Amino acid sequence: MEYFLQQLINGLTLGSIYGLIAIGYTMVYGIIGMINFAHGDIYMIGAFICVITFTILGVVGITWVPLALLIVLIVSVMFTAAYGWAVERIAYRPLRGSFRLAPLISAIGMSIFLQNYVQIAQGARVKPLPPLIQGGVVLMESANGFAVRFSYIQMIAIAVTVILMIGLTYTITRTPLGRSQRACEQDRFMAALLGVNVDRTISLTFVMGAVLAAVAGVMVSLYYGVIDFFIGFLAGLKAFTAAVLGGIGSMPGAMLGGVIIGLIEAFWSAYFSIEYKDVAVFGILVLVLIFLPTGILGRPEVEKV
Amino acid sequence: MSASATTATSPRAGLDIPALLKDAALTAFVALILAIPLVGFETFDKSGSTSLGLRTRWGAVAIGVVAVFFGRLVMQVWRQTMLSAQPGQVPLWDRVAGSVPKVKLPFGPFLIVFAILVPILWSGNAYVIDIGITVLIYVMLGWGLNVVVGLAGLLDLGYVAFYAVGAYSYALLYHHFGLTFWECLPLAGLFAATFGVILGFPVLRLRGDYLAIVTLGFGEIIRVVLINWSDFTGGPNGIASIPRPSFFGMPFQAAAPEGKSTFASFFGLEFSPIHRVIFLYYVILALAMLTNIVTLRLRKLPIGRAWEALREDEIACRSLGINPTNTKMTAFAIGASLGGFAGAFFATRQGFISPESFTFIESAIILAIVVLGGMGSQLGVALAALALVVLPELGREFAQYRMLIFGAVMVVIMVWRPNGLLSSREPSIKLNPGKGG
């Protein structure tokens with residue numbers, strides 16, 4: 001029971017991080033119908049900027065953790081958003097309206113480029129981050145001394161995710177930006193005719209995705225304490241799996257998919273074998289797609305002639 | 001004509017210098033922002049400390065920003081003068097690409113003859129022939145994937161999995177049952193096709209993008225299993241000492257085993273290791289040509305036509321009585337078996353395989369070859385494979401920047417020519433305009 005509860009907490013933390021990345025995939029897919037393959041690398045860049053900013057703050061001498069954390073979050077979010085914007089501007093916008101595979105190939109090229117760019121600029125070795133937020137709350141302790149710990153960093157990760165989800169839902173449903181995003185999602189051409197600035201809306205969608213990915217990057221570097229230039233690939237793959245699992249194009253679906261993937265991973269590593277956790281994730285994906293071809297919360301797409 | 005004359009002003013007046021400078025400055029500013037965190041600061045491991053050291057590289061940032069400024073300026077000036085100089089004229093490369101199918105010059109046969117002559121032209125230069133082998137492996141993989149992506153329109157991001165299945169089939173069959181390369185070659189294709197069917201059966205009724213992600217996941221699953229199932233696959237260490245193929249039972253060795261003659265002794269030649277390289281070259285050339293012929297013939301068969309019809313319009317196909325799942329499955333299985341053949345060849349050529357050779361990046365390169373070459377164009381795929389293998393090879397000195405440039409080139413080519421380098425797709429069947437018009 002205690003072991004189960006501990007894995008539940010670990011899985012939820014991991015799942016909220018995957019969910020944050022998955023939202024970036026699902027928003028972009030919803031609005032322009034492409035798989036933004038470089039999104040995982042945007043997340044990796046967010047994690048790197050986080051580590052670099054922490055190191056700078058250490059040199060400058062700001063060591064009060066809440067302030068440092070706030071500064072790191074803001075800096076990572078800002079610069080990563082710039083990367084998200086630039087990637088869209090360079091690699092995807094010129095390809096809008098061309099055939100379906102072109103933006104995907106461009107995205108794969110971008111992903112390879114970003115990985116190697118970070119590898120060359122920052123070195124191939126793993127970057128350690130000293131544990132800044134230590135400790136946690138012991139929820140229960142079993143007779144044999146196994147304590148269920150809910151660490152502060154896990155709390156922060158889950159809380160930040162919940163806050164961002166509320167903010168995102170508000171943005172999508174209540175603000176003019178969200179309205180134009182939903183309009184572009186339904187019919188880009190019609191939205192343009194009615195005065196929605198489609199280019200700007202798409203750019204902002206990429207920026208929003210990058211912001212969430214940056215937060216996920218900060219959380220991961222704090223949670224695991226090590227990052228390298230290759231973390232974006234697998235995390236991106238799993239986040240995309242999460243987006244598909246939840247029903248691509250659906251934002252609550254992406255979060256739900258992320259949490260499910262996180263839980264599968266945590267429980268599989270705990271009860272079966274840690275080596276095959278990725279196999280389990282993709283296996284479940286295949287199973288879900290066979291029985292629910294549009295994902296859990298996705299709308300069935302009726303194809304018309 | 002008058003419309004283009006009014007929109008395009010004369011070439012000299014068309015250059016709005018202040019606007020160009022402003023545009024370039026803005027781009028440089030963005031580059032500055034992007035460069036500050038990742039180029040401007042470098043973290044490094046401090047000895048004897050768990051925390052990272054920090055140093056700044058403002059010089060590199062400045063160089064980058066200045067380069068971006070002038071690069072953008074030159075690009076915009078070039079683009080504007082090109083566009084306004086001859087309004088209405090088709091850009092040069094479009095004309096070149098468009099004329100390839102029209103010109104009656106037999107490019108394809110010419111390339112084949114050239115490929116056959118390569119070992120003779122560079123006889124004695126094992127390095128060139130070796131690169132030729134690599135090019136031909138990618139040509140073959142490109143053609144194999146072309147069946148799936150180009151003809152049937154199924155996006156497969158995990159093609160390397162079938163390549164891996166082919167390679168491991170040969171390696172494992174040799175180690176456990178002592179089968180030779182020639183016995184394993186058809187089996188490797190068969191195994192790969194079986195995997196294709198196993199994977200295809202559940203997922204081929206899904207929409208295109210789901211198929212992409214499932215194939216990508218499948219590629220990762222194969223790799224993870226290869227790494228972790230150490231007893232069977234050798235794990236991360238891979239499988240070594242895979243034998244080379246023989247020439248009708250005659251090995252390419254200096255000394256013959258008991259009761260057999262070597263290739264060199266049979267033909268009365270002096271033994272030279274290059275014989276084997278040349279032999280391997282012709283084997284892969286034959287395999288690639290076989291792939292090409294099979295693909296070209298398949299396109300003319302009902303099944304090939306069904307693939308192309310399915311790619312264009314699935315609903316119309318359904319209403320005409322084509323079973324989409326079965327049709328897609330054949331494309332998937334045939335593509336997979338071609339990948340399997342290439343994999344078996346790869347194993348015998350390297351003599352050593354490990355999961356390292358079958359990462360996602362390989363799938364990406366193969367897909368890039370297909371798309372960059374112009375989907376469905378056999379010649380385009382061959383040229384793209386040549387370009388993507390030889391160009392990085394020329395830039396060996398910049399080994400560190402190889403993949404960086406590779407990624408950038410992929411983006412640039414896609415932005416420049418979204419339909420591939422040679423993208424004039426010929427319809428397989430044309431109605432004869434003379435009859436019944």
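These are my notebook entries on the contacts, domains, confidence and nonpolar core of this structure.

I noted at the outset that this is a predicted model, in which local features need pLDDT of at least 70 and side-chain atom pairs count only at pLDDT 80 or more, while totals for chains, interfaces and linings use all residues. Residues are numbered from 1 along each chain as its sequence is written, and chains are lettered from A in the order in which they are written.

I looked up confidence in chain A, where pLDDT (the predictor's confidence in each residue, from 0 to 100) averages 87, with 98% of the residues at 70 or above. Strand β2 (residues 136-141) of chain A has the lowest mean, 78, and helix α8 (residues 198-224) of chain A the highest, 93; helices (H or I, at least four residues) and strands (E, at least two) are DSSP runs.

I then turned to where the chains meet and found 50 residues of chain B in contact with 55 residues of chain A, contact being C-beta atoms, placed from the backbone, within 7 Å. On the side of chain B that touches chain A, α10(B) gives the largest share, 12 residues.

For chain B I recorded domain 1 (2-88) and domain 2 (111-252 + 268-416), bounds that come from an automatic or database assignment, with C-alpha centres 38 Å apart.

Last, I checked B:A385, which, leaving aside neighbours within four places in sequence, is in contact with B:V135, B:Y138, B:V139, B:G142 and B:I369.

Note on methods
Contact = placed C-beta atoms within 7 Å.
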